[in-house]
Amino acid sequence: MDLGTTLNILRDPAGIPFYPVVFQGLYVLTWALHAAFVLLALGGMTLSIVGATKQKSSANWKLLTGHMVQTSKLSVSLLILLGIAPLLFTQVIYDPNWYVVNSLSGVWVFVFVYALLAGYMLLYWFYYANKKGSSGSVLIGVISLLILVFAGLLMHVFAYESIQPDKWMEWYAPGGVIDTSGLNFHFNPVRLLFLVTLSAPTLGIFLLNYSDFVSTRDDFTPEYISFVRDLGKKIATFGLLASAVLFAGWMLLEGLLLNPLSLAIVVSVVVLLLMVRSNITSYFTTGVLVIAALLISALREYIRFDLMSGLGYNIYDYPMNIDWPSVIMFLLTFVVFGFTAIGWILTMAWKVGKTQGVFDASKDPIVTKLANATVAIVLLWCVVYFGWGMFTLFKNTIV
Ligand code: HEM
């Protein structure tokens, strides 16, 4: 049996509940969101560790370090949350790939979960030790960062192995002898290094946003704001240049240097460099960074799509079994609930940051309206979700 037929047999016989291109689009979007917080967490932790070594002699570093540890802590929780979405979309349209890799590298899948737990717990330890001014905090921060980078390496191993179905047999039964150890570990250093290095421009542009954001408050001195802005500019410039070199190397190896998507990424990097070096409001720079992140995410997907269709597995031919109720429930949850709840949290976070002293959310009409709407939608959602579930259950078992 040829590889394409094998891959197609491994698909879910029940088919997928909606058009594959929609899952593909959602994968690209949600992976970009996952990556944004991965990069901010890794960049923020690196800066916090550097800051922890300098904060004794500098008030600026002391303030920035505390804020960056906090940023990294929140980013890890968001990267985990936002990692689940692309994982689900991958499992829908590329299920043969994901499940085979989970067998070939099963031990590493377990290790990933415990590494993430250990790395995140140590990050909390770093946070408390840093707050207390403990001398061992730097060491704890470094160990936490190394473990989280290792978790990223494992994620890369799974992604990289999953797009090489032509090697699966060789890894599963090297020399004809079946290897069930689950210890396969194959990676691509250039691709990984490029993705991890993106944490520098992400961190640099975040620092520019942060300095713009706090610049309207009286309790942050102009000296501190320009310290953060200069640091952000330096990190973003260096990071963009380093990422550009690694990107060119990766594309050269993939034979995609002149692909329109690669060229669009190069253009976005040049635009970002110009914006970072100018004095333009950094929120516009972040807009371009979002476009660059979506392009990179689309390129990753293009590489996979191209490889898989070359092997005879085309996601657009995936058998479809449209399930309208699930589709409507998903879209309504995603759009109505998602946008209202995120709108509420973001509005509140913005206002908390912009307020001197304590922000009383109950006295703010917009935040109060959004909060009430979110609670009402959650209650309605629960009634519909469980009511519908019960109805389906009893309909199928009794009738
Ligand atoms: C600190 C922890 C993590 C780091 C540093 C990290 C980093 C990465 C990196 C670098 C990639 C790209 C790999 C590549 O394209 O070569 C990736 C992909 C991915 N990550 Fe994460 N990740 C972390 C945690 C998670 C978690 C907890 C989840 C799920 C809940 C997750 C879900 C995903 C998914 C679905 C992909 C795409 C896989 C594919 O396309 O085949 N990640 N991650």
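A residue counts as near a molecule when one of its heavy atoms lies within 4 Å of it. Hold on to that cut-off. By it, 23 residues surround the ligand. The closest are Tyr27, His34, His156, Arg191 and Arg300.

A word on the input. This is a predicted model, where local features need pLDDT of at least 70, side-chain atom pairs count only at pLDDT 80 or more, and totals for chains, interfaces and linings use all residues. Numbering runs from 1 along each chain as its sequence is written, and side-chain values use heavy atoms, with hydrogens and water left out.

Now the metal. Which protein residue donates to the iron atom of the ligand? His34 does, through NE2, at 2.2 Å, and it is the only protein donor. Donors here are N, O and S atoms within 2.8 Å of the metal, or 3.2 Å for Na, K and Ca; water is not among the atoms, so sites may look incomplete. His34 belongs to helix H2, residues 20-54. Helices are DSSP runs of H or I, at least four residues, numbered from the N terminus.

Next, polar contacts to ligand oxygen (pairs of N or O atoms within 3.5 Å). The side chain of Tyr27 places an N or O atom 2.3 Å from a ligand oxygen. For Arg191 the distance is 2.7 Å. For Arg300 it is 2.8 Å. Two or more shell residues come from each of H2, H3 (59-93), H5 (106-132), H6 (137-162), H8 (189-197) and H12 (282-310).

What is the shell made of? It has 16 nonpolar, four polar and three charged residues. Nonpolar means Ala, Val, Leu, Ile, Met, Phe, Trp, Tyr, Cys and Pro; charged means Asp, Glu, Lys and Arg; the others, Gly among them, are polar.

Last, the domains. Domain 1 covers 3-199 + 283-322, and domain 2 covers 323-399. The bounds come from an automatic or database domain assignment. Their C-alpha centres are 27 Å apart. Seven residues of domain 1 and six residues of domain 2 make the contact, meaning heavy atoms within 4.5 Å.

Note on methods:
A polar contact is a pair of N or O atoms within 3.5 Å; within protein, one must be able to donate a hydrogen and the other to accept it, and residues adjacent in sequence count only if both atoms are side-chain atoms.
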